[in-house]
Amino acid sequence: MKKIYSTSNWEWYRMESDNMSELKKLVDHPQYCNYWINRINNNESNYLEVSTFNPEYLYLSGSIIYLQNSKVQNENDLFHFFITKEYFITVDLDFSNLPETVVSEMLMEMEYTSTAIEGFFILIGE
């Protein structure tokens, strides 16, 4: 687990899918993200889940294909995310596959955000 970014309001953690035990420790309400955690190793497509089950703990989770081989449909790079107001987690996001993304500039843009949700939108805008 690597904390990528932190403000007084929110944090971003970047992890790899081979470290599920650390991921479960990080999430403050594991009962709400078990489905997401279980999908990480089995998912190969985009998906999105919005949870409003507990008004005290709202979250958005899912997976996004961020790099697709145009000739071979099954060859793609996928990352997974879990977002609350206080933090977001990305799993298997490899910036080396995105050479045009300047991470330091993206992090500077995140300084103007108030919530993890806003920070995540800067990330996917890259």
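This report describes a predicted model, starting with its sheet and ending with a single exposed residue.

## The sheet

The model contains an open sheet of 6 strands. Reading across the sheet, the order is β1-β2-β6-β5-β4-β3, and the pairing is mixed. Strands β1 (2–6) and β3 (47–51) stand at the edges and have a single partner strand each, so one side of each has no neighbour in the sheet. On average, neighbouring strands are turned by 20° against each other, with direction ignored.

Side chains in such strands follow a general rule. In a regular strand they alternate between the two faces of the sheet.

## How the strands pair

Strands β1 and β2 run antiparallel and are joined by 4 bridges. The connection between β1 and β2 is a hairpin of 4 residues. One bridge can be picked out by its residues: Lys-3 has Tyr-13 in β2 as its bridge partner.

On the way across the sheet, β2 meets β6. These two strands run parallel, with 5 bridges between them. Here Arg-14 has Thr-90 of β6 as its bridge partner. Strand β6 (residues 87–91) also pairs with β5 (residues 76–83), this time in the antiparallel sense and over 4 bridges. In that pairing, His-80 is matched with Val-91 of β6. Strand β6 therefore has a parallel pairing with β2 and an antiparallel pairing with β5, where two strands pair if there are at least two bridges between them.

## Helix α4 across the sheet

Helix α4 (residues 116–125) lies across four strands: β2 (11–15), β4 (59–68), β5 and β6. The helix runs at about 170° to β5.

Five residues of α4 are buried, namely Ala-116, Gly-119, Phe-120, Ile-122 and Leu-123. Seen down the helix axis, these buried residues fall within an arc of 155°, so they line one face of α4. The general geometry of helices helps to read this: an α-helix has 3.6 residues a turn, so residues three or four places apart point the same way. The buried residues of α4 pack against β2, β4, β5, β6 and also helix α3 (103–110).

## Two nonpolar cores

The largest nonpolar core has 19 residues. Within this core, the residues with the most contacts are Trp-12, Phe-88, Met-110 and Leu-123. At least two core residues come from each of β1, β5, α3 and α4. Helix α4 gives the most, with 4 residues.

Leu-123 shows how parts of the chain meet in this region. Leaving out residues up to four places away in sequence, Leu-123 touches Trp-12, Phe-79, Phe-88, Thr-90, Leu-93, Phe-95, Met-106 and Met-110. A second core is separate from the largest one and has 17 residues, including Tyr-13, Leu-23, Tyr-47 and Ile-89.

## Aromatic rings

The model has 14 aromatic pairs. In one of them, the ring centres of Trp-12 and Phe-88 are 5.1 Å apart and the planes lie at 20°, so the pair is stacked; planes under 30 degrees apart count as stacked. Trp-12 is in strand β2 and Phe-88 is in strand β6, so this pair ties together parts that are 76 residues apart in sequence. Trp-12 has 0% relative accessibility and counts as buried. Phe-88 also has 0% relative accessibility and counts as buried.

Another pair has another geometry. The rings of Phe-120 and Phe-121 have centres 6.4 Å apart and planes at 65°, so they are edge-to-face. Phe-120 counts as buried, with 3% relative accessibility. These four aromatic residues belong to one aromatic cluster, along with Tyr-5, Trp-10, Tyr-66, Phe-79, Phe-81 and Phe-95.

## Asp-92 and Val-50

Asp-92 is found in the loop between β6 and α3. Although Asp-92 is not a glycine, its phi is positive, at about 65°.

Val-50 lies in strand β3, one of the two edge strands. Its relative accessibility is 58%, so Val-50 counts as exposed. With residues up to four places away in sequence left out, Val-50 touches Tyr-59 and Leu-60. The C-alpha atoms of Val-50 and Thr-84 are separated by 10 Å, and these residues are 34 apart along the chain.

Methods. Residues are numbered from 1 along each chain as its sequence is written. This is a predicted model: local features need pLDDT of at least 70, side-chain atom pairs count only at pLDDT 80 or more; totals for chains, interfaces and linings use all residues. Side-chain values use heavy atoms; hydrogens and water are left out. Axes are lines fitted to C-alpha atoms, for helices over the stretch in contact, and angles run from 0 to 180 degrees between N-to-C directions. Contact means heavy atoms within 4.5 Å. Buried means under 20% relative accessible area, exposed over 50%, partly exposed in between (1.4 Å probe, protein chains only). The arc is that of the directions from the helix axis to the C-beta atoms. A nonpolar core is a set of buried Ala, Val, Leu, Ile, Met, Phe, Trp, Tyr and Cys residues joined through side-chain atoms within 4.5 Å. Rings of Phe, Tyr and Trp (its six-membered ring) pair if their centres lie within 6.5 Å; planes under 30 degrees apart count as stacked, over 60 as edge-to-face and the rest as tilted.
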